[in-house]
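Q: I'm new to this one and would like a close look at a single part of it. Could you take me through it slowly, in plain words?
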Amino acid sequence: MSLFNKKGNQDDQIDRISDLPSNVIDGVLEHLNIRDVVRTSILSTKWRYMWTSAPRLEFHPNFFHTYEYIHYPSPVVSKIITDVLMRHNGPINKFLLFIPTYFNFKLTVKLLDMWIPLLSRRGVKHLELLNLETALSHLPYIVFSCKELTKFKFGGFNLSIPPNFSGFKRLLNLKLQRVTFESGALESLISGCPLLEELSIEYCHRFEYFHISTPTLKVLSLGFDKNMKSICLKKAQNLSDLTLMANDGWVPGLIKSLPKNIQRFSIGSSFNKKIPYADIIPPTLVKSSFNSIKYLKLRAVKFNERGELLYIVSVLKSAPHLVELVVESYGHLDITQGSDCSEELDCSSRCLNQLKTVNINIYATSHQHAMSFIQFILANSTSLKTLTFDVLLDSREFDAPMLLSISQHLLLMKRASQSAQVKFIH
Amino acid sequence: MAEEKSQASSSKMLTLKASDGVLFEVELNIAKEMKTVQAYIDDCEDIETIPIPNVLGKHLAIVIEYIKKTNEEYDAEFEKQWNMDDLQLLLLAANYLNISGLQECLCKAIAKRIENKSPEYVRKVFNIENDHSPEEEAKLRKEYKWAFEGVDKD
């Protein structure tokens, strides 16, 4: 493609973009960094003020990185942000500040006292303040006066709620990352959001209980460490999409209750800390809540343990409406073989009648037991369309003949669904 | 994951007529992805041929193909085939037909081709005529000095 081709027909010479509808131009500007956006003012006289009505203003880490070499970047950076806000002329739908780690710039009360009211007057709906520089400070109270927010994400602050907090009455989506909670702050915040539909809490501190009543909530994602003591979700009656990630390993009996109508459920742990699924989602929970599940993602499954595999199979049998299943098992597992349990996995019960898509992603060493599991799925899923078996190879263990034998074994397995397609990726 | 649009539950076909008269027969569920067309159908239920006055046959064909095939992989490769002129016309078409997924894909593609580029480069790409006086241009460069730092060399 030649961008500078002066030959070619007249059509190629037209300046289309300057006459595009402003909502379309805004759509393009949305995907450009703030420097590119402001630089458009120099393109032509028509473009002089176009950026000033762009509805989104975002200062990402790449903006701040330019000033890393300066000792005290704060005054430089804050002047630019203030300048941009002052020159902008029109409604501001989204404002984002993402200060990267170790960048010497503090989001002070003074700065936010200047910027937040301005944003509020321009009707800001979506606000993101991410402050990853190491010294934590409290989220300034002025932020809580942004009453029109529908989407709010913040990180790198201490959270305490101002005494006169009247709530974020229109807030639908709330995301917290690396926040330290003062006592009762999280509960006060959420109870001030009567319409909340989506909530995400990750890498937060002093996060020990989740017993919050959230009747409007539809999507919940919780990431927590070993200090988490109890998660109780029976009051989240409308919750249909749940993700639980233990960053430090699971505490048995952590989940006290699950909502009844849950449809999407993803559960796992990072850093290879695993405990048996029987302790994470005990039979009583499975019995009462898995009836409506359509999508299930299980991470960190120990395939080479017979008990674990049998338990997972029993969980699947309790999810008659399951349509999509993802099972992951990464990281270095112990190489102990574990006994072959293909006989114990019932291949005749036709229990996975709605299951259409299965993804099994494992690390090489547990492939034999994954094969028994795959055999079980293929034999019982009458509606299966695709099963993908994705193996991350450890080159010491694998070679072409081994891979070939796996492929052949997969092809020979009995299938309940005639249209099932099995993909083996390595 | 792309839905299996070819196995539509509704086998009703609809005809779309592009601005240059080219006709396209599409399944109802494909046509419904174009919200403008959906609104048309909602208004006149028995309609069989819908005029699309703002879009050339060439571009309507591309749009229909996109709706049928869209998924992560397809979208990543999609924009590479078109020159800037076509990208803009496709964006106008997606905007008129109100297909948000395609609009987003095209906006990203256009932005990607000009990100971090100098004003001279951007003007060439879009055929924008610079009608700023030299004084105005100098003034802007000074006012927004910070925005002109770190730009890619042409």
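Let's make it strand 15 of chain A and what surrounds it: which residue in strand 16 of chain A is the bridge partner of A:F265? And once that's settled, show me how chain A meets chain B.

A: Sure thing, and keep in mind that this is a predicted model. The bridge partner you're after is A:L296, which sits in strand 16 of chain A and pairs up with A:F265. That pairing is part of a bigger arrangement: strand 15 and strand 16 (residues 295–298) of chain A run parallel and are joined by four bridges.

Strand 15 of chain A has another partner too. Strand 13 (residues 241–246) of chain A pairs with strand 15 of chain A, again in the parallel sense, over six bridges. If you want a spot to look at, find A:T243, which stands opposite A:S266 of strand 15. As for cover, strand 15 of chain A spans residues 264–269, and five of its six residues are buried. One handy thing to know while you look: in a regular strand, side chains alternate between the two faces of the sheet.

Now for the place where the chains meet. On one side there are 43 residues of chain A, in contact with 45 residues of chain B. Together the two chains bury about 3,800 Å², with 63% of that on carbon and sulfur atoms. Three residues stand out on the chain A side: A:R39, A:I42 and A:L43 supply 19% of the area that chain A buries against chain B, more than any other three residues.

There's charge and polarity here as well. The interface of chain A and chain B has two salt bridges. One of them links A:R16 with B:D85, where the closest N and O atoms are 2.9 Å apart. Across the same interface, 14 residue pairs are in polar contact. On the side of chain A that touches chain B, helix 1 (22–29), helix 2 (34–39) and helix 4 (73–87) of chain A each supply at least two residues. Helix 2 gives the most, with five residues. Sorted by type, the residues on that side of chain A are 20 nonpolar, eleven polar and twelve charged.

Last stop: A:S18, in the segment before helix 1 of chain A. A:S18 counts as buried because its relative accessible area is 8%, under the 20% cut-off. Its side chain makes a polar contact of 2.9 Å with the side chain of A:W47. Beyond its close sequence neighbours up to four places away, A:S18 touches A:I25, A:K46, A:W47 and A:M50, and from the other chain B:I128.

Conventions
Residues numbered from 1 in each chain as written. Chains lettered and ligands numbered in written order. Predicted model: local features only at pLDDT ≥ 70, side-chain atom pairs only at ≥ 80, totals over all residues. Heavy atoms only, no water. Buried < 20%, exposed > 50% of the residue type's maximum accessible area, 1.4 Å probe, protein only. Pairing = 2+ DSSP bridges. Contact = heavy atoms within 4.5 Å. Buried area = accessible area lost by both parts, 1.4 Å probe. Salt bridge = Lys/Arg side-chain N within 4 Å of Asp/Glu carboxyl O. Polar contact = N/O pair within 3.5 Å; in protein donor to acceptor, adjacent residues only side chain to side chain. Nonpolar A, V, L, I, M, F, W, Y, C, P; charged D, E, K, R; others polar.
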